[in-house]
Amino acid sequence: MHFTDLHNQNTPLLLANVWDAASAVVAEKTGFQATGTSSAAMAAMLGYEDGQGMTFEELYYIVSRIKAVSHLPLSVDLEAGFSNSAQVIAGHIKRLAQLGVVGVNLEDSRVMNGVRQLEDAAAFAHKLNAIRDALVNTSDKLFLNIRTDTYLLNHKHALQETLKRGALYQAAGADGLFVPCLTSENDIKVITGAITLPLNVMCMPGLPAFDRLKDAGVRRISMGNFIHAAIQSELENVMGAIHSQQTFAGVFNS
């Protein structure tokens with residue numbers, strides 16, 4: 001099944017967010033239909049802060065290793081594109097497509113001097129349209145999942161701003177709309193009723209159960225970096241126990 005078609009199943013596409021080759025192997029082994037990279041988890045693995053702290057070349061290498069060990073469709077979190085130029089961003093996407101990547105996430109916010117800020121909606125839509133135009137020969141192979149950070153950044157009028165941005169991005173060539181930190185069933189229903197793009201929500205405390213998300217019109221569910229964070233927390237517990245107890249017993253008795 002084509003990656004785009006996975007967004008039109010009877011149930012939402014549950015995307016396994018991975019950060020390296022090993023996690024991608026586990027995602028395939030446990031039966032997920034598709035994977036997507038988590039930029040925050042990848043950045044943490046490399047010792048960077050999230051928000052394009054790593055370079056595109058570092059991301060590209062990790063993606064190449066994931067593709068070498070997994071046959072699942074892979075979407076790549078490209079953050080803000082690792083450039084301000086639509087042509088450079090399109091070039092990054094084309095290189096990923098050559099690896100066999102089937103989609104990318106692009107977000108409408110940037111981290112500037114340690115602070116994440118929304119880009120102007122019209123300017124971002126214009127850039128997105130230029131990126132789509134530059135991908136004319138590969139657009140049928142790539143799913144452009146466009147992330148808006150209206151809820152993540154606690155915009156004063158998050159719902160209204162999301163509807164505005166969703167309409168602009170759809171007209172500019174988006175294939176999907178990703179709204180991290182969106183948990184309100186009512187808001188989800190309003191968005192899916194107004195925007196025909198497949199809606200992607202993310203693991204969050206208070207996120208409704210998957211069957212309720214389906215009924216609200218959600219088409220894709222992501223994990224973000226929360227699985228990686230949980231594993232890191234467990235790693236810290238194990239390492240701390242070894243150091244404090246001066247034994248490896250806990251490693252084998254868990």
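User: What radius of gyration does the chain have, and what would a compact globule have?
Analyst: The chain has 19 Å, which agrees with the value near 18 Å for a compact globule of 254 residues. The radius is taken over C-alpha atoms, and the globule rule is 2.2 Å times the number of residues to the power 0.38. This is a predicted model: local features need pLDDT of at least 70, side-chain atom pairs count only at pLDDT 80 or more, and totals for chains, interfaces and linings use all residues. Residues are numbered from 1 along each chain as its sequence is written, and side-chain values use heavy atoms, without hydrogens and water.

User: How far does the C-alpha trace span?
Analyst: About 60 × 40 × 40 Å along the principal axes.

User: New topic. Where is Arg-165?
Analyst: Arg-165 sits in helix H6, residues 158–171. Helices are DSSP runs of H or I, at least four residues, and strands are runs of E, at least two, numbered from the N terminus.

User: Is Arg-165 buried or exposed?
Analyst: Arg-165 counts as buried because its relative accessibility is 4%. Buried means under 20% relative accessible area, exposed over 50%, partly exposed in between (1.4 Å probe, protein chains only).

User: Which residues does Arg-165 touch?
Analyst: Among them are Asp-108, Leu-118 and Glu-119, not counting residues up to four places away in sequence. Contact means heavy atoms within 4.5 Å.

User: And how much of the whole chain is buried?
Analyst: Buried residues are 48% of the 254.

User: How many helices and strands does the chain have?
Analyst: Ten helices and eleven strands.
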